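Work through the exercises below with the sequence and the model side by side. Each task sentence is followed by a solution that goes step by step.

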Amino acid sequence: MKKTPISLSILTFLSFSATAMAEEEAATEEAATEEEATTEEAATEEAATEEAATEEAATEEAPAEDDKAFTKHGVFGGVGFSGLSLGYSYNASDKFTLAFMGVYMPPGVMVVDDTFGGVSFPCTTGSGSIFGAMANYRFAKNLRAVGGIGINSMSFVFDSKNKQISGNADYGPMAFYGGLGWGLKPVKGFSPGVDIGAVYTGAPDVHFDTEPADGAVRTDAEAHFWSVFPAIQLSVSYGL
């Protein structure tokens, strides 16, 4: 059958309509796909944000070492080679602590039988004290590097056995400490600790109550007393 112009127009119109509908449908499907992808991306970002917030909250609420919470303030006490100590500690972070302390050495803590210029002199520590500040840096989980400075009034008293010559050796005014420590963590509650190091005081001023007739006695006495002392201390801290 021969197609008329009207028939061709109708066919052309139907063809264009079908094509337009197909393109519109494809565009609609593409838009839906993009919207779905956008929704999934937003959901993923939201989940990631919630996870990050959860991790941050867990980090903030996480307890310090040994399931104890970190604290900025604490007090401590100890006993050791240099005497009795008591102090306050400020924990700037879990790595760095600044401690202010006093050390009291009761008389007679150390007794040494020495000889100056051939004369026997039992030497006994007199009462003394050191007040100062100590900086602690935790370079490992339980280990600390420690350094400090203080005002020193430590002294030794010496007396010959025949009581004819006596005197004292006065240290001061400054003392310096360096050493290593274990424990004393910046946490709430109790934490034990051990410190091992050395105290540098410089040479003391040696005074005799009666000037010895033999100059060798004074010379030996002035050269005898140490300027560096070992320091070992056992301590317990309490985080507030």
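**Exercise 1: a strand residue and its surroundings**

Alanine 198 has its place in strand β11, where strands (E, at least two residues) and helices (H or I, at least four residues) are DSSP runs numbered from the N terminus. The model is a predicted one, in which local features need pLDDT of at least 70 and side-chain atom pairs count only at pLDDT 80 or more, while totals for chains, interfaces and linings use all residues. Residues are numbered from 1 along each chain as its sequence is written, and side-chain values use heavy atoms, with hydrogens and water left out.

Task: decide whether alanine 198 is buried, partly exposed or exposed, and find which residues it is in contact with.

Solution. Begin with the classes: buried means under 20% relative accessible area, exposed means over 50%, and partly exposed lies in between (1.4 Å probe, protein chains only). Alanine 198 has a relative accessible area of 29%, and it is therefore partly exposed. Next, take contact as heavy atoms within 4.5 Å; once the neighbours within four places in sequence are left aside, alanine 198 is in contact with Phe176, Tyr177, Gly178, Val228, Phe229, Pro230 and Ala231. Finally, the C-alpha atoms of alanine 198 and leucine 180 are separated by 9.7 Å, although the two residues are 18 residues apart along the chain.

**Exercise 2: pairing and the barrel**

Task: trace how β10 pairs with β7 and with β11, and then state in which order the strands close into a barrel.

Solution. Two strands pair if DSSP finds at least two bridges between them. β7 and β10 run antiparallel and are joined by 9 bridges, with leucine 180 in β10 as the bridge partner of alanine 145. β10 and β11 also run antiparallel, joined by 8 bridges, and here the bridge partner of leucine 180 is isoleucine 196 in β11. Widening the view, 8 strands close into a barrel in the order β1-β2-β3-β6-β7-β10-β11-β13, with antiparallel pairing.

**Exercise 3: two loop residues**

Task: compare the settings of leucine 184 and threonine 201, asking in which loop each is found and whether each is buried or exposed.

Solution. Leucine 184 is found in the loop between β10 and β11, and it has a positive phi of about 55° although it is not a glycine. The hairpin of these two strands has 5 residues between them. With a relative accessible area of 15%, leucine 184 is buried. Threonine 201, in the loop between β11 and β12, is buried as well, with a relative accessible area of 6%. The contacts of threonine 201, leaving aside its neighbours within four places in sequence, include Asn152, Met154, Tyr171 and Trp226.

**Exercise 4: the nonpolar cores**

Task: identify which residues have the most contacts inside the largest nonpolar core, and which elements supply it.

Solution. A nonpolar core is a set of buried Ala, Val, Leu, Ile, Met, Phe, Trp, Tyr and Cys residues joined through side-chain atoms within 4.5 Å. The largest one has 14 residues, and those with the most contacts inside it are Phe156, Phe158, Tyr171, Val206, Phe208 and Phe225. At least two residues of this core come from each of β8 (155–159), β12 (205–208) and α2 (215–224). A second, separate core of 10 residues includes Phe76, Ala99, Met101 and Ala231.
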